[in-house]
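This briefing covers charged pairs and a nonpolar surface area in one protein chain. Please keep the sequence and the structure open while reading.

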Amino acid sequence: MSTSSVVLYDQLQDFLQRVMGVMHSRTNDAAADLDLTLNQAKTVFLLACATEPLPISAIAEEVGISVAAQGRVIDRLVKLSIVERRESEADRRVKLVSLAPRGLELADAHGEQKAQALRDVVDQIPSDLCARLSAALEPILAGDHLRPTSRKK
């Protein structure tokens with residue numbers, strides 16, 4: 001790493017820690033209000049990002065727990081009317097899980113709380129510095145420098 005890269009790394013790390021600190025402090029209470037365990041919350045947010053219903057085994061792999069434990073998580077979320085579970089048409093042994101309307105509402109509300117927390121962070125930055133930061137980010141975001149990559153296992 002060049003000296004300028006090391007300096008940028010340190011600055012970005014400090015900046016992101018401050019931003020995330022403010023965001024977490026403003027959204028943790030809302031997440032606690034859901035009264036979900038960590039694995040239940042991970043499941044809800046994973047399903048919120050999914051484009052189709054997921055098999056329990058795939059959810060378990062992403063969440064990092066056993067299929068049996070994930071099944072218990074799903075059972076609890078079904079009882080809370082947060083997720084829906086149904087048999088796969090292709091293989092009745094496979095149970096597919098998706099968010100129920102209440103789960104969608106919870107995920108959307110949590111996402112909006114995070115977005116509002118980020119807006120609050122931006123509002124704390126003086127307008128001249130906002131303009132400079134925006135100008136610096138524009139060419140980076142316009143290019144393909146920071147595109148997400150799919151995780152291959």
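How many salt bridges does the structure hold? The model is a predicted one, and it holds 6 salt bridges. Three of them are described below, followed by a nonpolar patch on the surface.

**Arg85 and Asp75**
- A salt bridge joins the side chains of Arg85 and Asp75, at 2.5 Å from N to O.
- Arg85 belongs to strand E2 (residues 83-87) and Asp75 to helix H4 (residues 67-79), so this pair ties together parts that are 10 residues apart in sequence.
- Arg85 is partly exposed because its relative accessibility is 37%, and Asp75, at 33%, is also partly exposed.

**Salt bridges of Glu87, Lys95, Asp91 and Arg93**
- Glu87 and Lys95 meet through their side chains in a salt bridge of 3.6 Å, N to O.
- Glu87 has 41% relative accessibility and therefore counts as partly exposed; Lys95 is partly exposed with 30%.
- In the salt bridge between Arg93 and Asp91, the closest N and O atoms are 2.9 Å apart.
- Arg93 counts as exposed at 73% relative accessibility, whereas Asp91 is partly exposed at 24%.
- Glu87, Arg92 and Lys95 form one network through salt bridges that share partners.

**Nonpolar patch**
- A nonpolar patch on the surface has about 900 Å² of accessible area in total, and its residues include Leu8, Phe15, Met20, Leu137 and Ile140.
- Helix H1 (3-33) and helix H6 (127-142) are the elements that each give two or more residues to the patch.
- H1 supplies the largest share, 5 residues.
- Leu137 lies in helix H6 and counts as partly exposed, at 36% relative accessibility.

Note on methods:
Residues are numbered from 1 along each chain as its sequence is written. This is a predicted model: local features need pLDDT of at least 70, side-chain atom pairs count only at pLDDT 80 or more; totals for chains, interfaces and linings use all residues. Side-chain values use heavy atoms; hydrogens and water are left out. Patches are made of residues with over 30% relative accessible area and no salt bridge: like charges are joined within 9 Å, nonpolar side chains (Val, Leu, Ile, Met, Phe, Trp, Tyr) within 5 Å. Accessible areas come from the Shrake-Rupley method with a 1.4 Å probe; for residues, only the protein chains shown count as cover. A salt bridge is a side-chain nitrogen of Lys or Arg within 4 Å of a carboxyl oxygen of Asp or Glu. Helices (H or I, at least four residues) and strands (E, at least two) are DSSP runs, numbered from the N terminus. Buried means under 20% relative accessible area, exposed over 50%, partly exposed in between (1.4 Å probe, protein chains only).
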